[in-house]
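Let's take a walk through this structure together, one piece at a time. Have the view ready to turn as you read.

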Amino acid sequence: MLTVETDLVAVEERLDSGQLACPGCSAVLARWGHARGRRVRDTDRGLWIVPRRARCTGCGATHVLLPVVLLVRRADTAAVIGAGLTAKVTGAGHRLIAALLGRPPETVRGWLRRFAGRVEPVRAVFTRWCRDLAPDPVLPGPAGSAWADALAAVLAAAAALAARFGIGEVPAWQAATAISAARLLSPGWPSPDDQC
């Protein structure tokens, strides 16, 4: 699985020109149909997403090219999930967050539990990315809780990404999706190698 930009035309152009590389062996990716379409809930409406599939010309592995607005195996966009995680920092509980976002309480509770079990590794990964992206990084200081520290690190990494490539403001949860390879709430992420 590989995260890509949301512009489908740009993704197709990058595939055609050989600019997308296999995450496993770094060989060129080529078109290989589409993944199963699905409806994803966004902040104001649902989105119908049919991700592109690509096949590695070297090792033969296939990869789903998932837009950076989505996390793996989640029915909501990264922006919606990020809004829920951000609301938790202010002290809101899962029922209030669910009501604010119009989502089932069980869904929101699942996001919060998964993120709570990895706040320190998430803080470490995003702090490292902030440090690696910025020539003179301004690392986030203590924000009052482990949860707030992790959120501050996500925001700092997004700002460092925007500054490094001069692309203007980068939505924090799209940066988080790209950095985590869409696995921010997936089992096994971050691995010890991601945290080094």
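Before we look at the sheet, one working rule: two strands count as paired if DSSP finds at least two bridges between them. Keep in mind, too, that what you're looking at is a predicted model.

With that rule in hand, find the open sheet, in which four strands line up in the order β1-β6-β5-β2, with mixed pairing. At its edges sit β1 and β2 (29-34), each of which pairs on one side only. Going from one strand to the next, the twist averages 40 degrees. Now look for helix α1 (residues 8-16), which packs on this sheet and touches β1, β2, β5 and β6. The direction of α1 makes about 135 degrees with that of β2.

What holds such a sheet together? Strands pair through backbone hydrogen bonds, and they can do this either parallel or antiparallel. Strand β6 lets you see both arrangements. To strand β1 (residues 2-4), β6 runs parallel, and three bridges join the two. If you want a spot to zoom in on, Thr 3 has Leu 66 as its bridge partner in β6. With strand β5 (residues 52-56), β6 runs antiparallel, this time joined by four bridges. Here you can pick out Ala 54, standing opposite His 63 of β6, and Arg 52, whose bridge partner in β6 is Leu 65.

How do β5 and β6 connect? They form a hairpin, with five residues between them. In that turn, Gly 60 has a positive phi of about 85 degrees.

So is β6 largely enclosed or open? Count its residues: five of the six (62-67) are buried, so the strand is largely enclosed by the rest of the structure. "Buried" here means under 20% relative accessible area.

Let's finish with a helix, α7 (residues 172-179). This one is mostly covered as well, since six of its eight residues are buried. Those residues are Ala 172, Trp 173, Ala 175, Ala 176, Thr 177 and Ile 179. What covers them? The cover includes strand β1, one of the edge strands we met earlier, along with the helices α2 (78-89), α5 (119-133) and α6 (146-165). Just after α7 ends, look for Ala 181, which takes a positive phi of about 55 degrees.

Methods: Residues are numbered from 1 along each chain as its sequence is written. This is a predicted model: local features need pLDDT of at least 70, side-chain atom pairs count only at pLDDT 80 or more; totals for chains, interfaces and linings use all residues. Side-chain values use heavy atoms; hydrogens and water are left out. Buried means under 20% relative accessible area, exposed over 50%, partly exposed in between (1.4 Å probe, protein chains only). Contact means heavy atoms within 4.5 Å. Axes are lines fitted to C-alpha atoms, for helices over the stretch in contact, and angles run from 0 to 180 degrees between N-to-C directions.
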